[in-house]
Protein chains: 4
Amino acid sequence: MATPATLLTLAQLNECSAADFTAALGGIFEHAPWVAEAALAGRPFPTVAALHQAMMVEVRAAWREKQLAFVRSHPELGSKIARAGLTDASQVEQGGLGLDRLNEQEFVRFQTLNSAYRKKFGFPFIICVRRHTRDSILARFERRSGHDADTEFAAALDEIGLITRLRLVATVDGPGRPLTTGQLSTHVLDQTSGRPAAGVAVALYEIGVSARGLLVMTRTNDDGRTDPPLIVGEPLRIGRYELQFGVGAYFARRSAPPCALPFLDVVPVRFAIAEPEGHYYVPLLATPWSYTTCRGS
Amino acid sequence: MATPATLLTLAQLNECSAADFTAALGGIFEHAPWVAEAALAGRPFPTVAALHQAMMVEVRAAWREKQLAFVRSHPELGSKIARAGLTDASQVEQGGLGLDRLNEQEFVRFQTLNSAYRKKFGFPFIICVRRHTRDSILARFERRSGHDADTEFAAALDEIGLITRLRLVATVDGPGRPLTTGQLSTHVLDQTSGRPAAGVAVALYEIGVSARGLLVMTRTNDDGRTDPPLIVGEPLRIGRYELQFGVGAYFARRSAPPCALPFLDVVPVRFAIAEPEGHYYVPLLATPWSYTTCRGS
Amino acid sequence: MATPATLLTLAQLNECSAADFTAALGGIFEHAPWVAEAALAGRPFPTVAALHQAMMVEVRAAWREKQLAFVRSHPELGSKIARAGLTDASQVEQGGLGLDRLNEQEFVRFQTLNSAYRKKFGFPFIICVRRHTRDSILARFERRSGHDADTEFAAALDEIGLITRLRLVATVDGPGRPLTTGQLSTHVLDQTSGRPAAGVAVALYEIGVSARGLLVMTRTNDDGRTDPPLIVGEPLRIGRYELQFGVGAYFARRSAPPCALPFLDVVPVRFAIAEPEGHYYVPLLATPWSYTTCRGS
Amino acid sequence: MATPATLLTLAQLNECSAADFTAALGGIFEHAPWVAEAALAGRPFPTVAALHQAMMVEVRAAWREKQLAFVRSHPELGSKIARAGLTDASQVEQGGLGLDRLNEQEFVRFQTLNSAYRKKFGFPFIICVRRHTRDSILARFERRSGHDADTEFAAALDEIGLITRLRLVATVDGPGRPLTTGQLSTHVLDQTSGRPAAGVAVALYEIGVSARGLLVMTRTNDDGRTDPPLIVGEPLRIGRYELQFGVGAYFARRSAPPCALPFLDVVPVRFAIAEPEGHYYVPLLATPWSYTTCRGS
C-alpha cells in the first residue's frame with residue numbers, strides 16, 4: 001500500500017484543533033465532513049481502529065435521511081459521466097481496476113446495472129473496489145441487484161465501512177492501525193534435492209472475462225520464495241488467478257543434458273481468492289515429473 | 001485406430017497368389033510395389049512384425065539409386081501443390097493433423113522449409129506424421145535441416161519404417177501384429193472420501209502455436225477413470241497438452257452449501273508427450289484445496 | 001484362497017443325487033445338514049450365489065427353536081476346551097488367526113468374554129473369523145456383548161451368512177460364484193524419473209496388540225507393483241497394518257555416491273482396513289526427500 | 001540451549017583484566033588455559049566468532065607436542081572409569097546423551113573401541129557429542145578407527161573446534177555470536193479445509209539401536225505448527241527420528257459420526273538428520289485418506 005509521505009499520527013489527531021482534525025479526516029467519508037466533526041467528541045482515541053469505529057458509529061446513528069443523502073453522494077461505478085464528481089480517493093480506487101478505462105461493452109454493462117440499481121434502490125451501487133476484481137464486482141452487482149431495499153442499504157453501509165477503513169489506514173498511523181491486509185505468497189520446493197528451488201520464474205496473472213492479466217513476474221530467491229511476497233500490504237482482490245512456475249527451465253539448468261521436451265515445463269496453478277484479508281500461501285512441491293500444490297497459510 | 005472392415009489376415013497373405021500379395025501390400029510403401037514383390041520370397045511369415053521387418057530389409061538392401069528414387073517419391077509435407085500426387089494413405093495421415101488445411105503463414109513456412117530441405121538433400125522431408133503434432137513436426141524439420149546428408153538419409157529410412165509399420169498394422173491382422181501404440185489415461189481420486197472421483201469433467205487439449213485445440217471432452221466413470229482412455233490404439237503425438245479437470249464442480253455437488261468461489265475450480269495440468277509409443281498415466285489426487293499430479297505408468 | 005483340488009461344479013450339484021448333494025454341502029452349515037437337505041428342492045440353481053441364498057433362506061425361515069439349536073452348535077472362539085468339537089472348517093478358519101495358539105492372557109480374555117456372552121445370550125459369540133484380525137474380533141466381541149438379545153441373534157445369523165458364503169466358494173465352482181474378496185495392492189512411483197520404481201523392498205505387517213506381525217515380504221516388479229498383489233483372493237481382515245517401503249536402498253542404488261544417512265530410508269505407511277471385501281490400493285509417490293500416499297482403488 | 005544467568009558479554013571480555021579473561025575462558029578448551037592466555041593478545045575482538053577463531057588459531061599454531069598433550073587430555077567417551085576426570089562441561093555434554101548411563105553391553109562396546117582407538121592413535125576419540133546420537137557416535141567411531149593417524153589428528157582438532165564453539169556460545173554473548181544451531185519444525189495442513197490443522201498431537205522420537213526414544217510430545221497450535229519448534233537453539237543430533245501425527249483423532253473431532261476404524265490414525269514419518277546445523281522443516285499435508293510429506297526448509 002502506497003504510504004503518503006505525510007502520514008498523520010494518531011497522537012497528532014488526538015491533540016490538534018477541531019478544525020485541523022476535520023480538515024485531516026473530512027475526506028475519509030465521501031462528501032461527508034460531518035462524520036469527522038461528530039467523531040471529534042470522542043477524542044482521545046486509543047487506537048486507529050477505535051477512531052474508525054467511532055466514525056462508523058456516527059454514520060450508523062445518523063437519521064435515515066442523512067444516511068441516505070450520504071449514501072447517494074457516492075459516485076457510480078465505472079461511470080464516465082460521473083467521473084467529474086469523483087473524489088480523489090475514489091478516482092485512485094476505481095482507477096486501480098481500470099474502471100475508468102472500460103471498453104464500450106463493459107461501459108454499457110455497468111451503465112445498465114447502475115441504472116437498474118439506482119432505479120430500484122434510489123442510491124448508487126457501493127462496493128469497496130480495492131477488495132475486488134472487475135469480475136467479482138460484476139458478480140456482486142448482479143447478485144445484490146436482486147436484494148430487497150433494507151438488505152441493500154445495510155450492504156452499502158458495510159461497504160462504506162470497508163472503504164473508509166482502508167482510507168483511514170492510508171492517512172493515519174498509530175497503535176491499533178487496522179492492518180487487515182491480505183497476503184499471497186508462494187514457495188517452491190525441489191523434491192529431487194530436498195532444497196528450496198531457487199531462481200524459478202514465477203508469474204501471477206489475474207484471469208477471467210475482464211481480468212487485468214499479468215500482475216507480477218519474478219523469480220524465487222535462495223529460500224524458494226519470492227521477495228517480496230506476490231501480494232502484500234493491501235487487500236487481495238476477490239477473483240481468479242493463475243500462478244505459472246517455470247519448472248521445466250529450472251530442472252533443465254540442473255540436468256545434463258537437458259531434455260528437449262520435458263514432461264513438465266510451465267506449471268500453471270489456477271485458484272480463486274475469496275477472502276481479501278486472508279493469507280494465501282500456495283506452495284509447489286515439484287520434481288521434473290510431478291507436483292503437489294495446496295492452499296497453505 | 002480405425003480398423004478397416006476388411007482387415008486381411010496374415011494367414012491369407014501367406015497363402016494367396018503372388019499377384020494378390022502384391023496387390024494387397026503394394027501401397028504400404030509409397031509408390032514402391034517392388035518392396036512387396038521382393039518380400040514375397042520370404043513367405044510364410046510367422047508374425048506381422050516379421051513381415052514388416054522383411055519389407056524393411058528389402059528397402060535397406062536396395063541399391064542407393066533405387067532407395068533414392070523411392071525416398072524422392074514421397075510427397076512434400078503440407079504442400080498444397082503436391083496434394084494431387086498424395087497416395088490415399090498419405091492424405092489420411094497428413095489430413096489428421098490438418099496439414100491440408102494450413103493457413104497462409106503456415107503454408108509459407110512449410111514451403112520455405114521444404115524448398116531449403118529439398119535443395120540441400122535432394123529429397124523431400126519425410127516424417128511419420130501420425131507420431132507428431134504440427135509443432136513437433138516444425139521443430140524436427142528445423143533441427144533435421146541442419147543435419148548432414150548421410151544422417152538425414154538414414155533418418156528418412158527410419159521414418160519410412162515407422163510410417164509403414166503403422167500402415168501394415170492397419171491392413172493386416174495376425175500374430176505379432178506390432179501394436180506399438182501409445183496410451184494416455186488419467187484417474188481422479190477424491191482425497192476427502194478416499195474414493196475415485198466419479199463424474200468429473202475432463203478435457204484434453206493439444207496446446208502450442210499450431211495446436212489442434214480440444215481433443216477429448218469426457219467425464220470420469222465410477223472408477224475415476226475415463227472410458228475409454230483419453231488416447232488409445234494409436235501413437236501419441238509428440239507435443240504439448242493440457243488436461244483440465246472440473247474439480248470445483250465435482251466438490252460443489254458434494255457439499256452443502258457449495259462455495260460461490262471455490263479455491264480450485266478447473267484444474268489445468270500441462271505436460272508434454274515425448275514418447276509416441278509410451279504409456280502416460282496422469283492421475284489427479286484432489287481435495288477442494290490441494291492436488292497432486294505426476295507421470296505414472 | 002486355497003482352492004481344493006476337487007472343487008465341485010454347480011452343474012454337478014444340480015444333477016447329482018439328493019444324497020450326494022447333502023453329502024457335499026452338509027458341512028457348509030455347522031452341524032446342520034438339514035440346511036442343505038431343505039435347499040435341495042430349489043434345484044437347479046442358476047448361480048452359486050443363488051445356491052447360497054437358498055440355503056440362507058432355509059436358515060432364516062426355520063423355527064426359532066431350530067435356529068437357536070443351530071446357532072448354539074457353533075464352537076466358542078479361541079476356546080481350548082471347545083477345540084475337540086471344532087469342525088474341520090472351523091479349525092482352519094480359527095487357526096488362520098492363531099486363535100488355537102492364544103497365550104494365557106488372551107485365552108483368559110476370550111474365556112471371560114465367552115462366558116459373559118453365553119450367559120447373557122444363551123449361545124456362543126459367532127463371527128466370520130476370516131474377515132477379522134484378533135484385535136478387531138476382540139473389539140467386536142466387546143461391542144456386541146452390549147447389544148440386546150434380538151440384535152445379537154440377528155448379528156449371529158448375518159455372520160453365519162458371511163462364514164458359509166466363504167465356505168461355499170471354497171467348495172463349489174460355477175457361474176455367479178460370489179467372489180466377494182477384498183484386495184490390497186500397492187504401487188511405487190519414482191518421481192525423480194517419472195517411472196515405476198522397480199526392485200523396492202516392500203513388507204506388510206499386521207500391527208496391534210495381538211497382531212500377527214509380518215504378512216508379506218516382497219519387491220516391486222518392473223511396473224512398480226507387487227506380483228501378486230499383497231493380499232488377493234480372500235477377504236481382507238479388518239485391522240491395522242503397516243507397509244514398509246525400502247525407499248532409501250532403492251535411491252541409493254541409483255545415485256553415486258549414495259548418501260550415508262539418507263533423509264528417507266524405510267518409509268512406513270500405517271493404515272486400517274475396515275472393508276474386508278474392499279479394494280485397497282495404497283500407492284507411494286516417492287523421491288529421496290518426499291512422498292505422497294493415499295487410499296486409491 | 002540453556003543460557004546461564006550470568007552470560008558474559010564480549011565487551012566485558014574485551015576490557016577486563018588478563019586474569020579475568022583467562023579465568024572466564026580458561027575452561028572452554030579442555031585442561032588448556034594456555035589457549036585463552038595466548039588469544040588474549042588479539043583483543044579487542046569485534047565478534048564472538050572472531051574470538052573463537054583466534055583461539056582455534058592458537059591451537060592449530062601450537063607445537064605438535066603441545067597439541068598432542070592437549071588432545072590427550074580429553075576424556076574418553078562413555079568411560080565410567082574416566083568420569084572422575086571429566087570437566088563440568090564434558091560431563092554435561094556426555095550426560096545429555098546418557099553416555100554416563102550406558103548399560104553393560106554398550107559400556108563394553110565403547111571400552112573396546114576406546115582401547116583400540118587409543119592404542120592405534122595414542123589419544124582418545126574426540127567427537128562433538130552434542131551434534132550426535134549414540135548411534136551416530138558409534139558409527140563415526142567405527143569409521144574413524146579405520147583412518148590413518150594424520151587424518152584422525154586433524155579430525156580431532158576439527159571436533160574440538162565444534163565443541164568449543166558451542167561452549168563459547170554458552171558463555172559469551174555479543175555481536176557475531178555464532179548461532180549455528182539447527183532447527184527441526186513441522187506444520188500440519190488440513191487439506192479438507194484448506195486451513196492449518198490445530199490441536200494435532202505430535203510426538204518426536206529418536207529411533208535406532210541405542211536411541212533415546214521420546215523427545216517431544218506436543219500439539220499443533222492454531223497455525224498448524226508446534227510452539228516452540230520441535231528442536232531449536234541447539235545442534236540437531238545426527239541420527240534417525242520418527243514423527244508421529246495424530247491425524248485420525250484430529251479428523252474424528254471434525255466429523256460426525258467419527259469412523260470407528262479410520263484409514264489413517266497415527267501417521268508415522270521416519271527420517272534422518274544428517275546436518276546438525278541444518279533447518280529441517282517436515283510438513284504434513286493431510287486428509288483422512290492421504291498425506292504428503294517432504295523435507296522443506
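**Notebook: interfaces, symmetry and cores**

I began with the interface of chain B and chain D, where I find 8 residue pairs in polar contact, both residues at pLDDT 80 or more; a polar contact is a pair of N or O atoms within 3.5 Å, of which, within protein, one must be able to donate a hydrogen and the other to accept it, with residues adjacent in sequence counted only if both atoms are side-chain atoms. I note that this is a predicted model, in which local features need pLDDT of at least 70 and side-chain atom pairs count only at pLDDT 80 or more, whereas totals for chains, interfaces and linings use all residues. Residues are numbered from 1 along each chain as its sequence is written, chains are lettered from A in the order in which they are written, and side-chain values use heavy atoms, leaving out hydrogens and water.

Staying with this pair, I count 0 salt bridges between chain B and chain D, taking a salt bridge as a side-chain nitrogen of Lys or Arg within 4 Å of a carboxyl oxygen of Asp or Glu. I looked up the buried area (accessible area, with a 1.4 Å probe, that two parts lose on being put together, summed over both) and found about 660 Å², 52% of it on carbon and sulfur atoms. Of what chain B buries against chain D, Gln191(B), Thr192(B) and Trp289(B) supply 59%, more than any other three residues.

Next I superposed chain B on chain A, by least squares on the C-alpha atoms of residues with pLDDT of at least 70 in both, and obtained an RMSD of 0.1 Å with a turn of 179° and a shift of 0.0 Å along the axis. The two copies are therefore related as by a two-fold rotation axis, and in chain B the C-alpha nearest that axis belongs to Thr292(B), at 2.1 Å.

I then turned to Thr220(A), which lies in the loop between β6 (213–219) and β7 (231–234) of chain A. Thr220(A) counts as buried because its relative accessibility is 6%, buried meaning under 20% relative accessible area (1.4 Å probe, protein chains only). Its side chain reaches the backbone oxygen of Ala197(A) at 2.8 Å and the backbone nitrogen of Val200(A), also at 2.8 Å.

Last, I checked the largest nonpolar core (buried Ala, Val, Leu, Ile, Met, Phe, Trp, Tyr and Cys residues joined through side-chain atoms within 4.5 Å), which has 54 residues, with Phe271(B) among those having the most contacts inside it. A second, separate core of 52 residues includes Phe251(C), Phe271(C), Tyr280(C) and Phe245(D).

Key. Buried < 20%, exposed > 50% of the residue type's maximum accessible area, 1.4 Å probe, protein only. Helix = DSSP H or I, 4+ residues; strand = E, 2+ residues; numbered from the N terminus.
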